[in-house]
Every structure is written in C-alpha cells, then in structure tokens.
Amino acid sequence: MIFLKLFLTFFKIGAFTFGGGYAMLPFIKEEVLANGWMPLEEIVDFIAISESTPGPFAINMATFIGNHQGSAYGVLGGIFGAFCATLGVVLPSFIIILIVAKFYEKFKNSTVVAGCMAGLKPAVIGFIGSAVLSIAATVFIPMGFSLEIFKSIDFYASAVIFIGALILTFKKVHPIIIICLSAVIGIAVGYLL
Amino acid sequence: MRKKLKLLLTVFWVFFRIGAFTFGGGYAMIPLISEETVNRRKWISESDILDIIAIAESTPGPVAINSATFVGYRVAGFWGSFFATLGVVTPSFVIILIISYILKEFKELKAVQYAFSGIRAGVLALIIKALWKMYKQCPKGVFYYVIMALSFVAVAFFNIPVIYCIIGCAVLGLVYSLGLKGKVEK
C-alpha cells in the first residue's frame, strides 16, 4: 500500500534526521532510490524547485515525492500521497517537541543530548558529502565514466555552469538567480550546440 | 473561549506568513520567527527564542517544524502547536502540489529538459555551499574530523544505511563527550 509506505518512510526520515534542510537529503535520496520511486536526476531537479519556492525543504520534498507516487491513483491519489508523506515527515517533530516543551529545563541542560549532538553535527557533514558525490556523478557522468565523456559538450557545459555557480554562490548571489542563470545557459547550450 | 480562538487563528496566520515568505528552508525562517514572535507579538522573550532555536536544531526533524511547534506550544499549549505547525506547512504543501502538476505538463518539452540539465550543475554548487556553511558551524577537532570522514566513507563507499550511521555517530558523540573528552581535558 503506497500511501502507508509513504507515511512510514517519511516518518522515519523525520524521526532520524537532525539539523533540517539538506541534512535530510542523503536520507531522502537513499529511501527514494531504494524504493525505486524516482531517479536521482529528478530529485536534483526538484531541489532547484524547492530552492525557488518558499517553505522548508523537507516539506517541499515530502509533498513532491508523495504526489509523484500517489498520482498512480489519479489526482486525488496524488493529493492524498502528498498528504501522507508530509504528515509523516512532520509528525515525529511535532510529538518530540511537545514532549520536550514539557521537560524544557531538563532537556536544555542535558549532557546526553549535548553528547549525541557532538557526534551528529560532524556526521551530517559526512552524509551530505556523500550525497554531493553521487549528485556530482549524475551531473557530470550520467551514463557512467568513460573517456568518451571528454568529447561530450554537455560535460563541458555542466563544468562551466558548476564553476560559475560556485563562484556566484560564494559571492552570496541569491540561489534563485543562480538557478535562473543555470537554466538559461542550459537552454542556450541545448539549442545552439 | 473566543479570545483563545482568536489567539489560535493569529498563531496560524503568523506561521502561515512565515511559511509562505521564506525561501531556503528552516534556517532562513529563524530571523523571521524571532522578528514576529519576539519583537512584534511579544509572545516569547529574547533569551527564550535562542533556547528554542537551539533545541529545534538538536531534536530530529525539520528546524522550521520544530520551532513552529515549540513557539506554538509556548503561546497556546497543544492547540497552539497544532495551528503553528499547520500554518507553516500549508503554504509549501499547496505551492508544491500546484508545481507538481505544472511540472508534469511541461516535463516533456525540450526547453524544460535543457533548462534542468543546466540547473543540475547549478544545484550541485548550491549544495556544496550549504555543506561549507555547515562545516563552518561545526566544532573543530580530531574527533569531529574522524566522525566526518567515517560517516562519509560509510555512506559513500560501503552503502551502510544512513539510519545506522546516525545512531552510531550519536553513540560515539555521547561516549566521547561523557568519557574521553573529560579525560583528555584533565
């Protein structure tokens, strides 16, 4: 039953990721790929959409994937799928914070919580690093690595866009502007070359 | 009763606006949440909001949901949490649903496909920037570098499920800060 599966998967993601935002990406990627819900390229495309629309990344991602999977059952199925996934990702937070809010003082000064966080903060960086690696592979070598790749225009176009975007983002240019520029270059390269 | 209902609606509306107008996820919301709830509505004190944000970051789940639930609870108990969370989620949910349908319509267009092949390379840069920001905020030291390397290698090369790595790293962090760290410092 896809709806229950969506709810449970996103419940697990919501319950076990710390730090929010991109910290969820490795986990989402793993679950989506393991379930065969969509290819990595589609997740990356959606990250661009999520960056250009308001709202938390986790909610955007859950709504999108839920809708995508539920749509096999029609429009209402799509909406219900989005609902199940979003409810799943929100519910653990909601329950945990309600409990924490009651035991606020204890939680605030807890050495156990601080200790776990000391391990989780650097771990999240490692996880995202591994996601970066697999996204880099889908961007630069979508068909797998071979020497042929150095003859493909797409490879060089991607490299130029990537380096340009990296410079711009470190110069604090807004992500939406970077995404629009990347799209324009992508379209130009597609039609002209 | 009516006063309570009005308060709940205000909570919903405040968080709905926060959800509708922040781009870039949870961390981008924090300044807005403190502006609305501390300065404008005076629901929360300055020092409390800092604690709430710290807790939102050290509990699982999206930071935006955690802080909305927490602030809502402070303002009006359980139903405050409920309406704050509903408020912050609703704009995303509706906008993404609409976009999902639009995307399905236009996905087959050549121009859209070209655009996304460019966008993917740009997104990669954005994620690296986010990673760099998180790295800067992370405490430094041998222990932290070892955990970073271990979790990277475990997921990237050994395909160990993220969930086990999360549990493992939390335990290592706990052992380190309760035991080893104290000894080393003494």
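**Exercise 1. In this predicted model, how many residues of domain 1 of chain A are in contact with how many residues of domain 2 of chain A, and which helices supply the domain 1 side?**

*Solution.*
Step 1. Begin with the count: 5 residues of domain 1 of chain A touch 5 residues of domain 2 of chain A.
Step 2. Now trace the domain 1 side back to its helices. Both α3 (40-52) and α7 (111-140) of chain A give at least two residues to it. The largest share, 3 residues, belongs to α3(A).
Step 3. Sort that side by class, and you find 3 nonpolar, 1 polar and 1 charged residues.
Step 4. Place the domains on the chain: the assignment puts domain 1 of chain A at 2-140 and domain 2 at 144-193. Their C-alpha centres are 27 Å apart.

**Exercise 2. What are the elements of chain A, from the N terminus on, and what share of its residues count as buried?**

*Solution.*
Step 1. Count the elements: chain A has 9 helices and 0 strands. Read from the N terminus, the order is therefore α-α-α-α-α-α-α-α-α.
Step 2. Take the extent next. The C-alpha trace of chain A covers about 60 × 45 × 30 Å along its principal axes.
Step 3. Turn to burial: 50% of the 193 residues of chain A count as buried.
Step 4. Finally, look at sequence separation. If you keep the contacts in chain A between residues at least 6 apart in sequence, 60% of them join residues at least 24 apart.

**Exercise 3. Is Val184(A) buried, exposed or partly exposed?**

*Solution.*
Step 1. Locate the residue: Val184(A) sits in helix α9 (residues 175-192) of chain A.
Step 2. Recall the cut-offs, which are 20 or more other C-beta atoms within 10 Å for buried and 12 or fewer for exposed.
Step 3. Apply them. Val184(A) has 15 other C-beta atoms within 10 Å, so Val184(A) is partly exposed.
Step 4. As a check on distance, choose Phe150(A), which is 34 residues from Val184(A) along the chain. The C-alpha atoms of these two residues are 23 Å apart.

**Exercise 4. Which helix supplies the largest share of the side of chain A that touches chain B?**

*Solution.*
Step 1. Set out the interface: 90 residues of chain A are in contact with 82 residues of chain B.
Step 2. Assign the chain A side to its helices, and α7(A) comes out with the largest share, 25 residues.
Step 3. Split the chain A side by class: 59 residues are nonpolar, 24 polar and 7 charged.
Step 4. Add the predictor's own scores for the complex, an ipTM of 0.84 and a pTM of 0.84.

**Exercise 5. What does α4(B) span between its end C-alpha atoms, and where is its kink centred?**

*Solution.*
Step 1. Work out the expectation: at 1.5 Å a residue, a straight helix of 44 residues would span 64 Å.
Step 2. Compare with the model, where α4(B) spans only 32 Å between its end C-alpha atoms.
Step 3. Look for a bend. α4(B) has a kink of about 145 degrees, centred on Ala76(B).
Step 4. Check the confidence. Within chain B it is highest in helix α4 (residues 63-106), at a mean of 92, and lowest in helix α7 (residues 162-185), at 78. Over chain B the mean pLDDT is 86, with 94% of residues at 70 or more.
Step 5. Put the helix in its setting: chain B divides into domain 1 (2-106) and domain 2 (118-185), with C-alpha centres 28 Å apart.

Conventions:
Residues are numbered from 1 along each chain as its sequence is written. Chains are lettered from A and ligands numbered from 1 in the order in which they are written. This is a predicted model: local features need pLDDT of at least 70, side-chain atom pairs count only at pLDDT 80 or more; totals for chains, interfaces and linings use all residues. Domain bounds come from an automatic or database domain assignment. pLDDT is the predictor's confidence in each residue, from 0 to 100. Helices (H or I, at least four residues) and strands (E, at least two) are DSSP runs, numbered from the N terminus. Two residues are in contact if their C-beta atoms, placed from the backbone, lie within 7 Å. Ala, Val, Leu, Ile, Met, Phe, Trp, Tyr, Cys and Pro count as nonpolar, Asp, Glu, Lys and Arg as charged, and the others, Gly among them, as polar. The expected span of a helix is 1.5 Å times one less than its number of residues. The bend at a residue is the angle between axes fitted to the seven residues ending there and the seven starting there.
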